[in-house]
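Please look over the backbone and helix packing of the model shown here. A short report follows.

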Amino acid sequence: MKKDFLIEIITEELPPKNIMTIIKSFYRNVINECEKKFIKYNKIIWYATCRRLSIKINKIKYKKIIINKLKKNKKKILVKIKEDIKTIILNSIKKINFKKVMHWNNTKIKFIRPIRNILCMLKNKKINLKILNIKSKNYTLGNFFIKNNKKIYIKNVSNYKKKIKKEGKVIIDFLERKKKILKEIKKKIKKINGKLIIKKKFLEEINYMIEWPKIYIGKFKSKFLNIYKKLIKHVVENTQKCLIIYSKSNNITKHFVIISNISKKNSYRIILDNENIINEKLQDIIFFLKLDYKKKLIENLNKLKKHIFHKKLGTFFEKTIRIKKISSWISKKIKINKKDVIRASLLSQCDLLTNMVFEFPEMQGYIGMKYAIREKEKKKIAYSIKEQYYPLFYNSKIPKNKISCTISISEKIDTIVGLFISGEKPNSKNDPFYIRKKSIGIIRILLEKKLKIDLIKLIKISIYLYLKNKIEKTLKNKIIKYFKKRILSLLIKKYNFKKCFIMSSINTYKIIPIIIYRNTLQISNYKNIEILKNTCKRIKNITKNKKNVKNKKIKEKIINNNIEKKLYFILKIFKKNIIKMIKKLKYKNIFYYINIICKITNVLFKKIFINDKNKQIRINRILILKEINKQFNKIIKLKYILN
């Protein structure tokens, strides 16, 4: 018995940015629940628009094990399938990954948006289901922008996609809608010799705002083309959800694309409304620019004293002074011009008080950079105002110049430490202040720019600035532990390193991400890792429980065996140079020594009896072996690779 199943949930308008996550979560849940119920199928398909979430399971049937249990009785199988489908759907909906939910009736039921209709069918039969207090139906609803929108009865699941398109003016398939949008846009912009540059995510968002795409071209007044390009783009794309049309030479033109659900009959009104809104917003920008140009950016510095950064952590002026002090310390470490860094620090938060950022908070940083360039600040300083917020996302670009890197690290560490102090550190479910993103940002900058900044010192300085001349050890350790976890996570995810190799590197010397990375890379590529492990394990077994060697030193005079002498000689050189080699990142040399020491030690094990009858010789040999492990531990925390 093979039948198609369909469920469609119609809701109030869904947030377009989250639809892909929601429907994919629903889809994965259905797959998992089918597996639990021993249900087989040919294919599961998901559909989604701004108002509906649909799942279709093609050729649903049980695995043989269940069919045999039901003795191949068709009636019993059908009843069982219906019952199991209800459980599958209810469980799958409960497990959907929503960022936010809402109460929408008198019950305690929560969902992302109020539900308006549920269609639930197994081939040509309705399945009675009650989800969030709504009973299932055998009909769906068409495009909500169409007048006299009637119920569309689905007589067979296999006709759902065609029928809702023909009778309801809904293109339910995401890819089909996307193709239609792009095809229609190309036709329209060809007439005005334009070009479209659109990010994949934004196209996805636009696609999820509509069910039946209609494309129109609007234009704003030419005089606004003189405004900063990013501001025009922000107004057209982010606030009005239209698309900028570019010239063939990639310049912004006055034309833009409107994507609407509404038919051609009302096209004049749609175009005019969008043009009016965009023209008004661009006119506002000119007004705000004129106001902001009346004073210099640095004049806002003292005014930051009246603006709270965080109720427990003081004002933006206090934050600026902390950024300045942390940046000054970093500038010495990475050898860049301290005066430039201080200037960049003082300007870093000043654009917060501009009229432009007040009106468009998303432009913070960009506006500061533009105003600083206009005021003839050095370009590197100006760019640092914008780039202090980089990376914006997990994989996005990091600051380019070293001043920007310095300000970015300082701004982020100040926020992270401050929020730990105020007790608002993130947990597994919540990260309202993006501490995780900021900490990954710091680590990425240090790694990718190869900056040898010790995170422990950076954290201590930041705590010291907040707590005024004291450092709480517990707090410091919590933040260090937090950063270690982030380093571990980043190195596994981005470089595919083994956890034990990272852990063996992360606890050595100082917490300098670039050194941890290079150390892990060397350990991962070390061909003789098994020899190293076996040697160290044997040393560990021989030396454990040897309490009588405590506080004793190796006596070179009593070493009388040539192999032992050779081993001790190499070990002395290694011990003398290991810290220098780590600081200079000379890992080839380090592993060269480790290799030789391991080889000689293994020869020693074969040729010489460590537990010599002579007590002095015996103790001396144990001390040498202990010293080997001690020195190896400076570069590799052995406990992680031995376990």
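## Strand pairing and helix packing

β7 and strand β8 (residues 125-126) pair in the antiparallel sense, over two bridges. Strands here are DSSP E runs of at least two residues, helices are H or I runs of at least four, and both are numbered from the N terminus. Two strands pair if DSSP finds at least two bridges between them.

This is a predicted model: local features need pLDDT of at least 70, side-chain atom pairs count only at pLDDT 80 or more, and totals for chains, interfaces and linings use all residues. Residues are numbered from 1 along each chain as its sequence is written, and side-chain values use heavy atoms, with hydrogens and water left out.

**The β7 strand.** In the pairing with β8, Met121 faces Lys126. Two residues lie between the strands of this hairpin, and Lys123 there has a positive phi near 55 degrees. β7 (residues 115-122) also pairs with another strand. Strand β1 (residues 3-11) runs antiparallel to β7 over seven bridges. Phe5 stands opposite Leu122 of β7. Seven of the eight residues in β7 are buried. Buried means under 20% relative accessible area, exposed over 50%, and partly exposed in between (1.4 Å probe, protein chains only).

**Loop residues.** Two loop residues that are not glycine have positive phi, as tabulated here.

| Residue | Phi | Loop | Relative accessible area |
|---|---|---|---|
| Asn250 | near 70 degrees | between β15 (243-246) and β16 (252-260) | 42%, partly exposed |
| Lys376 | about 65 degrees | between α12 (366-374) and α13 | 75%, exposed |

The peptide bond from Tyr390 to Pro391 is cis, with omega near -5 degrees. Pro391 sits in the loop between α13 (379-387) and α14.

**The α14 and α15 pair.** How do the axes of α14 and α15 cross? Helix α14 (residues 402-421) and helix α15 (residues 435-448) cross at roughly 145 degrees, and their axes come within 9 Å. Axes are lines fitted to C-alpha atoms, for helices over the stretch in contact, with angles from 0 to 180 degrees between N-to-C directions. Residues of α14 that meet α15 include Cys405, Ile409, Ile413, Ile416 and Phe420. On the α15 side, Ile435, Ile442 and Leu446 are among them. Contact means heavy atoms within 4.5 Å. By class, the contact of α14 with α15 has ten nonpolar, three polar and three charged residues. Nonpolar covers Ala, Val, Leu, Ile, Met, Phe, Trp, Tyr, Cys and Pro; charged covers Asp, Glu, Lys and Arg; the others, Gly among them, are polar.
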